[in-house]
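Student: I should like to learn how to read the features of a protein model. May we look at one together?

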Amino acid sequence: MNDLMSLGLHRIWKDILVAKAHPSISRPFAHLDVAGGTGDVAFRVARAGGPQTRVTVADINADMLRVGAERAKKRRLDDRVTFVEANAEALPFSDRQFDAYTIAFGIRNVPRIEKALSEAYRVLKRGGHFLCLEFSRVDLLVLDYAYDVYSFAAIPAMGKVVAGDGAPYRYLVESIRKFPSADLFADMIAAAGFARVDFIRLGGGVVAIHSGWKL
Ligand SMILES: C[S@@+](CC[C@H](N)C(=O)[O-])C[C@H]1O[C@@H](n2cnc3c(N)ncnc32)[C@H](O)[C@@H]1O
């Protein structure tokens, strides 16, 4: 469904996210991917980094983590990617443990976004990088109309045919509309303590990658 809904673009967006995280190829690098699901982002980080890059996937859903752990084994990445059941709002990690934190298409589902951001800040080392890939608002009026039609009519219909149920995809579309605008979300990241906060829009604003540093 991710491929179908995004016309395959989610792969490119995740590649850009990981390029920005820039895992070290020569030094130890501790990466945390929150709401990491079945490991899509984590595997990219492990491959982009060197042998001393370690990735922890944290997700609230044990079934997703189980699938992720199997995928890691198949890819021979299970020695560098570990899966932990955890809530983004209360991470079971000590302070200043990670060099980078990513969250892709996850923060929108967290009820208390401020809590998740303050946990991200807490677990990052000084100099650590926070990166978030999330759906955003389309910034062209014509594209906005087309995106509305696509979102409210086509996506739930595709969900019904491919996944057997349109309702979760209606929820998905509605949750995207409720999520703060990129400017507002950037303010929330800064309010959590991050410095040099900025974002880039991709796909005409369909998604944005937000970045902030713990300095
Ligand atoms: C749309 S999936 C994204 C998965 C993956 N990041 C990707 O881009 O392929 C959203 C994920 O967020 C997880 N999630 C939702 N609420 C969460 C929370 N409070 N803490 C941690 N994970 C959460 C879900 O279990 C799910 O795996």
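Tutor: Let us begin with burial: a residue is buried when its relative accessible area is under 20%, exposed when over 50%, and partly exposed in between, using a 1.4 Å probe and the protein chains only. The model is predicted, with local features needing pLDDT of at least 70 and side-chain atom pairs counting only at pLDDT 80 or more, while totals for chains, interfaces and linings use all residues. Residues are numbered from 1 along each chain as its sequence is written, and side-chain values use heavy atoms, leaving out hydrogens and water.

Student: Why does serine 136 count as buried?

Tutor: Serine 136 counts as buried because its relative accessibility is 7%. Serine 136 belongs to the loop between strand 5 (124–135) and helix 6 (141–163). Helices (H or I, at least four residues) and strands (E, at least two) are DSSP runs, numbered from the N terminus.

Student: Which residues does serine 136 contact, leaving aside its neighbours within four places in sequence?

Tutor: Contact means heavy atoms within 4.5 Å. With those neighbours set aside, the contacts of serine 136 include Ile176, Arg201 and Val207.

Student: Is valine 207 buried or exposed?

Tutor: Valine 207 has 0% relative accessibility, so valine 207 counts as buried. Valine 207 is in strand 7 (residues 207–214). Not counting residues up to four places away in sequence, valine 207 touches residues including Trp13, Phe105 and Ser136.

Student: How should I read the burial of a whole helix?

Tutor: One lists its buried residues and then what covers them. In helix 3 (residues 40–48), the buried residues are Val41, Ala42, Phe43, Arg44, Val45 and Ala46. Among the elements covering them are helix 2 (9–21), strand 1 (29–34) and helix 4 (62–74).

Student: Where does proline 23 lie?

Tutor: Proline 23 is in the loop between helix 2 and strand 1. Because its relative accessibility is 7%, proline 23 counts as buried. Leaving out residues up to four places away in sequence, proline 23 touches Val45 of helix 3, among others.

Student: Which polar atoms lie close to the ligand?

Tutor: A polar contact is a pair of N or O atoms within 3.5 Å; within protein, one must be able to donate a hydrogen and the other to accept it, and residues adjacent in sequence count only if both atoms are side-chain atoms. An N or O atom in the side chain of aspartate 59 is 2.6 Å from an oxygen atom of the ligand. A polar side-chain atom of lysine 14 lies 3.0 Å from a ligand oxygen atom.
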